[in-house]
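I opened this entry to keep track of what I looked up in one model. The notes follow the order in which I checked things.

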Amino acid sequence: GLQALLQLAGSSGTLRTLRLGANAISEAGGTVLAGHLHGQPQGSLRTVSLSNNHLGQASAHSICAAMQENEHLTELSLSGCGLTQETIDKLGACLLRNRAASRKREQVRTKSLLRAVSAALSDPEHHSPACGDAVLPPNAVLASRTQSVVCGPKEASAASAPAPEKGERPWSTAVTRLAVLKAAAAEVIEGAETLATRLAASAVRAA
């Protein structure tokens, strides 16, 4: 039952969603969930739905207490479980906190990745990027908006960078293309910061 699924979530680290609405889960099941959330505050679960189960106030209080420590659960549906408004409000505050933290973690990871890529592309020792495991041909296309590298004939796209002129060193064209990618990375970072600011403001208004 629920306990076996929670054990799987703990051992696998990949189970993110549990939807067990109207599954005759009792107060004991709610207590088991609370124990899991408390014991694994950084566990894999992101969404749990136990709507229309008879959890009871005691297990609801246990879940609420566990959520004070849990940092990763962002969606919790307990409608039709007989919770008081006070408990619902406390759980809602915890979920808003976790959603904001989740957005912040994603923003930090994205910025770190893009800065690492940007730094690597600025290094003159990096002559040309790779497409898979192969070195890009001179007519490779860099799509700045999507930060993707597309290998193909230069005639296939109007966005193709010009072929190197006679006497021009091959790596100079690659550097030009990499500069486009670096600019795109900076644009994505700026967009992510703007989005995070707007989402945080929305969360504050919702609270």
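**Ser26 and its surroundings**

I began with Ser26, which is partly exposed at a relative accessible area of 38%. I noted that the model is predicted. I placed Ser26 in the loop between strand 1 and helix 2. Leaving aside neighbours within four places in sequence, I found Ser26 in contact with His54 and Leu55. Ser26 and His54 lie 28 residues apart in sequence, yet I read 5.1 Å between their C-alpha atoms.

**The chain as a whole**

Next I stepped back to the secondary structure, and I listed five helices and seven strands. Reading along the sequence, I wrote down the pattern α-β-α-β-α-β-α-β-β-β-β-α. The chain has 207 residues, and 30% of them are buried. I also looked up how far apart in sequence the contacting residues are. Among contacts between residues at least 6 apart in sequence, 76% join residues at least 24 apart.

**The three-stranded sheet**

I then turned to an open sheet of three strands, ordered 1-2-3 and paired in parallel. Which strands are at its edges? I found strand 1 (17-19) and strand 3 (75-77) there, each pairing on one side only. Neighbouring strands of this sheet are turned by 5° against each other on average, direction ignored. For the pairing of strand 1 with strand 2 (residues 47-49), I noted three bridges and a parallel run. One residue I followed across was Thr17, whose bridge partner in strand 2 is Thr47.

**Helix 1 against helix 2**

How do helix 1 and helix 2 lie relative to each other? Their axes come within 10 Å and cross at roughly 10°. Angles under 35 degrees count as roughly parallel, and I therefore entered helix 1 and helix 2 as roughly parallel to each other. On the helix 1 side of the contact I listed Leu2, Gln3, Leu6, Ala9 and Gly10. These meet Gly29, Val32, Leu33 and His36 in helix 2. Sorted by class, this contact has five nonpolar, four polar and no charged residues.

**The largest nonpolar core**

I looked up the largest nonpolar core and recorded 26 residues in it. In soluble globular proteins, nonpolar side chains tend to be buried together. Which members touch the most others? I wrote down Val48, Leu50, Ile63, Met67, Leu76, Leu78 and Leu91. The elements that give two or more residues to this core are helix 1 (2-12), helix 2 (27-39), helix 3 (56-67) and helix 4 (85-122). Helix 3 supplies the largest share, five residues.

I picked Ile63 from that list for a separate check. Apart from neighbours within four places in sequence, Ile63 is in contact with Gly30, Leu33, Ala34, Leu37, Leu55, Leu76, Leu78 and Leu91. Leu55 in that set had already come up as a contact of Ser26, and Leu33 as one of the helix 2 residues that meet helix 1.

**Lys111**

My last entry is on Lys111, which I placed in helix 4. Is Lys111 buried or exposed? Its relative accessibility is 16%, so I entered Lys111 as buried, given that the cut-off for buried is under 20%. Leaving aside neighbours within four places in sequence, I found Lys111 in contact with Ile189 and Glu193.

Key. Residues numbered from 1 in each chain as written. Predicted model: local features only at pLDDT ≥ 70, side-chain atom pairs only at ≥ 80, totals over all residues. Heavy atoms only, no water. Core = buried A, V, L, I, M, F, W, Y, C linked by side-chain atoms within 4.5 Å. Buried < 20%, exposed > 50% of the residue type's maximum accessible area, 1.4 Å probe, protein only. Helix = DSSP H or I, 4+ residues; strand = E, 2+ residues; numbered from the N terminus. Contact = heavy atoms within 4.5 Å. Pairing = 2+ DSSP bridges. Axes fitted to C-alpha atoms, helices over the stretch in contact; angles between N-to-C directions. Parallel < 35°, antiparallel > 145°, perpendicular 65-115°, else oblique. Nonpolar A, V, L, I, M, F, W, Y, C, P; charged D, E, K, R; others polar.
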